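User: Hi! I have a protein model open and would love some help finding my way around it. Could we go through it together?

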Amino acid sequence: MQKTKSGKTPGGDFQKTAEAPLVAWYDAPAERNHEGWEQQATPLGNGFMGAMVHGGVAVNQIQLNDHTLWSGGPGASSSYKCGMKGEADAIHRTLHEVQGEVQKMADYFAEHLAPKQQPDGSWQTHDYAEYPGYGGIKEKVESMFGEKDYFGSYQTLGDLYIRNPEGDDSYTGYSRSLSLNDGVLTIAYDQNGTHYTGEYFISNPGNMMVIRLSADHKGALAKEISIGSPQPQKTIRMDSQENALIMTGRPSDHQENGEKFALLVKVAASGDEAAVSAGDTAVQVTGADEILLYVAAGTNYRQPMDGSYDFFSEEDPLDAAKERTDEAARLGFAKLLELHRADYRRLFCAAQLNLGITEVPEKTTDALMKGYRGGKPGSNTESEDRYLENLYYQFGRYLLIASSRKGSLPANLQGIWADSLNPAWDADYHTNINLQMNYWLAEQTNLSECHLPVTDYVKSLEPYGTKGAAHFYVQEDGASPVRGWTIGHECNIWGNAAPGTSDASYFPTAGAWMCQDIWEHYLFTRDEGFLGENYHVLLNAALFWVDYLWTDRRDGRLTANPSYSPEHGPYTIAAACDQGIIWEIFHEVIQAGEILGKADAPEYKEIQQAFGKLSSPLQIGKNGQFMEWKDETAMDVTGDGGHRHTNHLFVLHPGNQVVAGRSEEDDRYIQAMKSTLNTRGDSSTGWSMAWKLNFWTRLRDGERAHTLLQTLLKEKTADNLFDLHPPFQIDGNFGATAGMTEMFLQSQGDAIELLPALPGAWPEGCVTGLKARGDVEVDIRWSEGRLVSAVLRPKYDGVYKITGRQIACARFETSDGAAVPVMPYTGYLSAAIGNTAEDVILAQLKGGETYSIF
């Protein structure tokens with residue numbers, strides 16, 4: 001343990017992390033175009049409503065979203081079929097033919113295209129595409145794709161405009177600052193001798209956006225407020241009695257019986273000379289001391305859990321919006337702000353990180369980003385870089401709070417923000433990494449409540465996925481139906497569960513992977529009620545694979561066939577990603593069944609038997625790489641030009657089949673995984689670099705993980721801190737925060753690991769409120785790169801294994817100062833990650849107690 005300069009070890013009175021002042025601020029408005037929206041504007045949200053604030057002076061454009069506003073689905077056409085295409089019997093026959101052909105290809109590859117060592121010691125390798133019949137396999141698989149007719153897209157609701165009537169765009173002293181500490185945006189500037197201030201937030205308790213405009217001179221406020229939208233099926237009208245703007249309508253392709261949306265903006269003003277009037281297209285305010293805007297929106301969408309097409313309620317969303325704005329006007333701004341701050345800070349302050357931050361730098365956030373990217377004279381100081389990294393870390397948590405709350409839909413590819421009717425990739429739910437990555441940070445950064453929208457979403461997909469599984473898949477004999485459920489790679493809010501329409505979207509393990517969110521929520525909370533309610537989802541995802549697995553006649557092991565390494569290919573048997581996910585879902589159900597007392601069920605026994613026969617995803621190639629396919633290929637050896645997907649390392653992250661330092665068997669694969677990552681390289685798309693950051697963190701290489709963080713910030717992060725694929729894709733934000741968290745704390749193996757991958761760039765700091773699996777809350781303080789003290793708050797009794805440098809030399813106390821007996825550890829010590837006997841302790845801890853290590 002690290003000692004102070006006086007030579008004394010600090011006492012056990014661990015102080016909660018001083019809350020770092022975290023502000024993303026800019027000295028100019030965002031441009032009013034798509035690039036300005038994507039890379040400059042400020043995001044606000046409450047899980048149900050999103051806004052991007054441009055902050056202009058003459059015209060402040062505020063783009064608005066509702067989490068349920070989608071085109072497509074049954075509201076667009078009665079012929080919508082959740083992606084189903086073709087006749088099931090014909091698909092089953094084709095699938096059986098494909099599986100036989102893929103087996104022949106695998107046999108041919110093993111006999112004719114296996115690696116051969118050359119005289120110089122190198123290896124001659126080949127690819128599956130060299131098999132003469134590969135083109136026919138690919139063509140037949142493509143004939144079994146689903147369809148995307150009426151798949152739909154997440155869409156913008158519209159825009160709120162706050163204009164200066166005279167169009168004056170001059171200003172001095174401009175500031176647009178988002179405080180992450182309380183979730184409030186403040187815009188301030190001077191114009192013609194008057195100081196103007198605007199405060200903006202989106203309240204979850206009130207489910208609305210609230211805006212207060214003020215000035216330091218009485219009667220100085222004059223504004224014109226209007227709304228607009230690219231939605232073609234809209235009506236905008238004025239309510240002159242309520243001084244309100246109202247927009248109602250339907251998504252761009254919906255019929256009368258489809259989704260309905262509403263937007264209501266209620267305007268109020270105060271001051272002796274204040275006047276509010278509703279014109280034909282705008283509300284005019286003059287002579288005001290203060291202007292208040294209450295902005296509410298909604299649709300009549302509801303999320304069925306029974307596989308039906310009952311997506312629309314009979315409720316008028318305008319009625320609910322009126323109720324909320326009326327209540328907001330009754331409560332007033334101060335009370336609304338108080339309720340918002342209490343709700344937001346309950347989540348945001350649950351976990352705090354401070355990398356030595358004491359004040360907000362004088363540089364704007366875009367200037368910090370420029371300095372961080374530059375590396376030239378005039379670039380950032382070390383403390384400014386640390387501030388930006390600290391800000392970026394908590395910005396990820398801010399975005400999850402803003403885009404995923406209990407009762408909302410999960411965060412999509414763009415969170416809750418989209419400024420058009422056709423955003424990139426439909427801003428949908430991609431399930432071969434992207435949606436999963438959105439929630440890696442949820443449990444570990446103490447935002448478990450924000451995790452629930454995606455577990456609810458997975459549960460809602462099961463009945464649709466059951467129909468899809470029966471339609472598109474069949475057992476190995478080509479005739480027997482499969483049980484269970486799965487989904488494809490591209491999902492919407494309308495129950496689409498079919499395979500996609502391209503090779504890149506062929507991914508039948510998507511359903512099993514999505515179940516990991518349910519299992520991880522249980523691991524972190526140990527909520528057996530939750531696990532029991534969702535066990536059928538896990539069980540049926542596993543049973544699908546019990547029935548669908550194919551016996552590879554080369555070794556008799558069970559495999560996915562055809563198997564397509566995500567967005568990389570080719571079609572083959574047992575790509576490592578698929579096999580790792582199947583291993584994971586079987587392992588999850590086996591553990592869950594034991595916990596819930598269901599281990600005697602016949603289905604449970606079937607899963608155990610299949611688990612024992614499963615072809616392993618763990619293989620090391622001739623060149624020392626961790627293999628992506630069951631057969632060693634040239635693509636594997638070369639890294640295929642640094643391909644962005646490294647899904648075959650799923651077993652390392654987010655899976656836990658391989659945990660560095662857990663056992664000698666686990667450590668066998670560490671160097672191979674490093675070799676693979678080095679071959680693929682660091683620079684890639686935003687989300688890909690975020691995943692690599694997580695890989696290196698789990699390999700306990702904090703320096704390389706920090707290098708990935710730096711590259712991600714420099715190359716794929718906009719000035720407003722949004723991740724860029726490009727274009728904007730929010731998973732990189734969430735993935736980066738998750739990876740940074742695991743630099744401080746990991747628990748995916750058999751231990752609570754303190755500072756497992758701390759980089760040298762962060763020599764001093766503290767973090768509080770992180771969560772370890774088993775429902776243990778953890779605080780950590782370090783100095784000079786070494787652990788100084790930690791606090792553990794377990795919820796449940798148990799024997800806990802805790803690791804950290806020289807932790808066995810530390811004092812371990814209860815809250816009343818009593819020493820905690822430490823049991824001798826005689827288990828495996830990993831040379832691969834440098835563990836010694838002084839770095840591991842075992843202790844019996846009591847739930848509800850607070851323990852200090854120092």
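Analyst: Happy to! Let's begin with a pair of strand residues: Y161 has S226 in β12 as its bridge partner. One thing to keep in mind is that this is a predicted model.

User: Which strand is joined to β12 by five bridges, and which way do the two run?

Analyst: That is strand β7, residues 158-163, and β7 and β12 run antiparallel.

User: What about β17, how many bridges join β12 to that strand?

Analyst: Four bridges join β12 to β17, which covers residues 283-288, and this pairing is antiparallel too. For an example to click on, take L221, whose bridge partner in β17 is A288.

User: Is β12 mostly covered or mostly open?

Analyst: Mostly covered: β12 spans residues 221-228, and six of its eight residues are buried.

User: Let's switch to pockets. How much volume does the largest pocket have?

Analyst: The largest pocket has a volume of about 540 Å³. It is lined by 25 residues, and those closest to its centre are S747, G749, D750, R773 and G774.

User: Which helix gives the most to that lining?

Analyst: α13 does, with six residues in the lining of the largest pocket. Helix α13 covers 576-596, and it is one of three elements that each supply at least two lining residues, along with α11 (510-525) and β31 (798-803).

User: And what classes of residue are in the lining of the largest pocket?

Analyst: A mix: nine nonpolar, eight polar and eight charged residues.

User: You mentioned β31. Which open sheet is that strand in?

Analyst: β31 is in an open sheet of four strands, ordered β26-β27-β31-β33, with mixed pairing. β26 (745-746) and β33 (840-845) are the edge strands, each pairing on one side only.

User: How does β27 pair with β31?

Analyst: Strand β27, residues 752-754, pairs with β31 in the parallel sense, over two bridges. If you want to see it on screen, look for I752, which stands opposite I802 in β31.

User: Cool. What about spaces inside, how many cavities of 30 Å³ or more are there?

Analyst: There are 10 cavities of 30 Å³ or more in the structure. The largest cavity has a volume of about 190 Å³. Its lining has 18 residues, with Y439, W440, E520, P654 and R773 closest to the centre.

User: Hang on, didn't R773 come up before?

Analyst: Well spotted! R773 is among the residues closest to the centre of the largest pocket, and R773 is also among those closest to the centre of the largest cavity.

User: Which helix supplies the largest share of the lining of the largest cavity?

Analyst: α11, with five residues. The helices α9 (440-444), α18 (686-698) and α20 (731-744) each supply at least two residues of that lining as well. By class, the lining of the largest cavity has six nonpolar, six polar and six charged residues.

User: Back to pockets for a sec. What lies nearest the centre of the second largest pocket?

Analyst: Nearest its centre are F48, H67, T68, T299 and Y301, out of 21 lining residues. The second largest pocket holds about 400 Å³ of space. β18 (290-299) and α4 (317-331) each supply at least two residues of the lining, which divides into six nonpolar, 10 polar and five charged residues.

User: Now single residues. Where does H254 lie?

Analyst: H254 lies in the loop between β14 (244-250) and β15 (261-270).

User: Loops sound open to me. Why does H254 count as buried?

Analyst: H254 counts as buried because its relative accessible area is 1%, and buried means under 20%. Beyond its neighbours within four places in sequence, H254 is in contact with several residues, including W70, Q233, F312 and W494. A polar atom of the H254 side chain also lies 2.9 Å from the backbone nitrogen of E259.

User: Is T633 buried or exposed?

Analyst: Buried, with 1% relative accessibility. T633 lies in the loop between α14 (602-613) and α15 (634-638). Setting aside neighbours within four places in sequence, T633 is in contact with F109, T125, H126, D127 and Y128.

User: Which backbone nitrogen lies 3.1 Å from a polar atom of the T633 side chain?

Analyst: The backbone nitrogen of D636.

Note on methods:
Residues numbered from 1 in each chain as written. Predicted model: local features only at pLDDT ≥ 70, side-chain atom pairs only at ≥ 80, totals over all residues. Heavy atoms only, no water. Buried < 20%, exposed > 50% of the residue type's maximum accessible area, 1.4 Å probe, protein only. Polar contact = N/O pair within 3.5 Å; in protein donor to acceptor, adjacent residues only side chain to side chain. Contact = heavy atoms within 4.5 Å. 1 Å grid on protein atoms, 1.4 Å probe; cavity = no way out; pocket = protein on both sides within 12 Å on 5 of 7 lines; lining within 4 Å. Points joined across faces, edges and corners; volume = space filled by probe spheres on them. Nonpolar A, V, L, I, M, F, W, Y, C, P; charged D, E, K, R; others polar. Pairing = 2+ DSSP bridges.
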